Amino acid sequence: MATVGQLQKQFVDFSTSLYREFIQLQKLQDESNPDFVFEVVSLFFEDSEKLLNNLAIALQQQVVDFKQVDAHVHQFKGSSSSIGAHRVKNMCVAFRNFCEEKNLDGCLRCLQQINHEYCLVKNKLENVFRLERQILEAGGTIPLIA
């Protein structure tokens with residue numbers, strides 16, 4: 001079993017490997033709303049799963065509505081950016097270019113890459129929350145990230 005100090009170091013390492021916007025979210029959390037970041041990120045996960053599913057369905061249609069696909073990608077780009085998932089956001093920019101060109105193959109490739117990047121950021125965020133819970137359960141405090 002890891003010590004509180006080891007858990008806190010892992011927490012700081014994971015948190016700082018995330019992005020500035022995520023750290024800004026953490027700064028908005030306080031004693032009056034201790035689950036703020038978890039709630040925001042949980043909503044991001046829920047919305048992302050729906051958007052990725054909607055994108056997959058939209059791209060499988062006989063006639064692809066690229067405006068609808070672009071609207072989903074635009075929404076995903078905004079939510080990804082707001083929590084600091086920059087690699088997902090950057091893939092959304094490329095995806096939107098393929099939508100504008102009505103390039104189905106490019107859109108399908110981007111969807112695969114976005115799924116991959118989303119899984120990476122989801123895993124990293126889940127690890128941060130797991131470490132946070134372990135630190136608190138071990139009687140420690142969550143380290144502040146500068």
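This passage describes the helices, core, salt bridges and cysteines of a predicted model. Local features were taken only at pLDDT of at least 70 and side-chain atom pairs only at pLDDT 80 or more, while totals for chains, interfaces and linings use all residues. Residues are numbered from 1 along each chain as its sequence is written, and side-chain values use heavy atoms, with hydrogens and water left out.

Helices were assigned as DSSP runs (H or I, at least four residues), as were strands (E, at least two), and both are numbered from the N terminus. Helix α6 covers residues 104-137, a run of 34 residues. The expected span of a helix is 1.5 Å times one less than its number of residues. For α6 this gives 50 Å, and the end C-alpha atoms are 49 Å apart, which agrees. Two residues of α6 show the same reach. Leucine 136 lies in α6. Its C-alpha is 47 Å from that of aspartate 105, at a sequence separation of 31 residues. Leucine 136 is exposed because its relative accessible area is 51% (buried is under 20%, exposed over 50%, partly exposed in between; 1.4 Å probe, protein chains only).

Both ends of α6 carry local features. Lysine 102 sits in the loop between α5 and α6. Its phi is near 55°, a positive value in a residue other than glycine. Most residues other than glycine have a negative phi. At 57% relative accessibility, lysine 102 is exposed. At the start of α6, a side-chain oxygen of asparagine 103 comes to within 3.2 Å of the backbone nitrogen of aspartate 105. Just after α6, glycine 139 has a positive phi of about 90°.

The largest nonpolar core has 36 residues. A nonpolar core is a set of buried Ala, Val, Leu, Ile, Met, Phe, Trp, Tyr and Cys residues joined through side-chain atoms within 4.5 Å. Val69, Phe76, Val88, Phe95, Ile114, Tyr118 and Leu125 touch the most other members. Helices α1 (4-17), α2 (20-28), α3, α4, α5 and α6 each supply at least two residues of this core. The most come from α6, with 11 residues.

Contacts (heavy atoms within 4.5 Å) were listed without neighbours within four places in sequence. On that basis, phenylalanine 76 is in contact with Phe44, Ser48, Leu51, Leu52, Val88, Cys92, Ile114 and Tyr118. Leucine 52 belongs to helix α3 (residues 36-59). This leucine is buried, at 7% relative accessibility. The contacts of leucine 52 are Phe76, Leu111, Ile114, Asn115 and Tyr118. Histidine 72 is 20 residues from leucine 52 in sequence, and their C-alpha atoms are 8.4 Å apart.

Side chains of opposite charge can pair when their charged atoms come close. The structure holds 4 salt bridges (a side-chain nitrogen of Lys or Arg within 4 Å of a carboxyl oxygen of Asp or Glu). Aspartate 70 pairs with arginine 96, with the closest N and O atoms 2.8 Å apart. Aspartate 70 lies in helix α4 (residues 66-83) and arginine 96 in helix α5 (residues 86-101), so this bridge ties together parts 26 residues apart in sequence. Arginine 96 is partly exposed, at 25% relative accessible area.

A further bridge joins glutamate 117 to arginine 87, with a closest N and O distance of 2.9 Å. Glutamate 117 is in α6 and arginine 87 in α5, so the pair ties together parts 30 residues apart in sequence. Glutamate 117 is buried at 12% relative accessibility, whereas arginine 87 is partly exposed at 48%.

Arginine 133 and glutamate 137 also meet in a salt bridge, at 3.9 Å from N to O. Both residues lie in α6, 4 residues apart, about one turn of the helix. An α-helix has 3.6 residues a turn, so residues three or four places apart point the same way. Arginine 133 is partly exposed, with 45% relative accessible area. Glutamate 137 is exposed, at 62%.

The disulfide count is 0 (a disulfide is a pair of cysteine sulfur atoms within 2.5 Å). For cysteine 99, the closest cysteine sulfur is that of cysteine 107, 3.9 Å away and too far for a bond. Cysteine 99 is buried, with a relative accessible area of 3%. Cysteine 110 is in no disulfide, and the nearest cysteine sulfur, in cysteine 107, is 6.8 Å away. Cysteine 110 is buried as well, at 2%.

Notes
A polar contact is a pair of N or O atoms within 3.5 Å; within protein, one must be able to donate a hydrogen and the other to accept it, and residues adjacent in sequence count only if both atoms are side-chain atoms.
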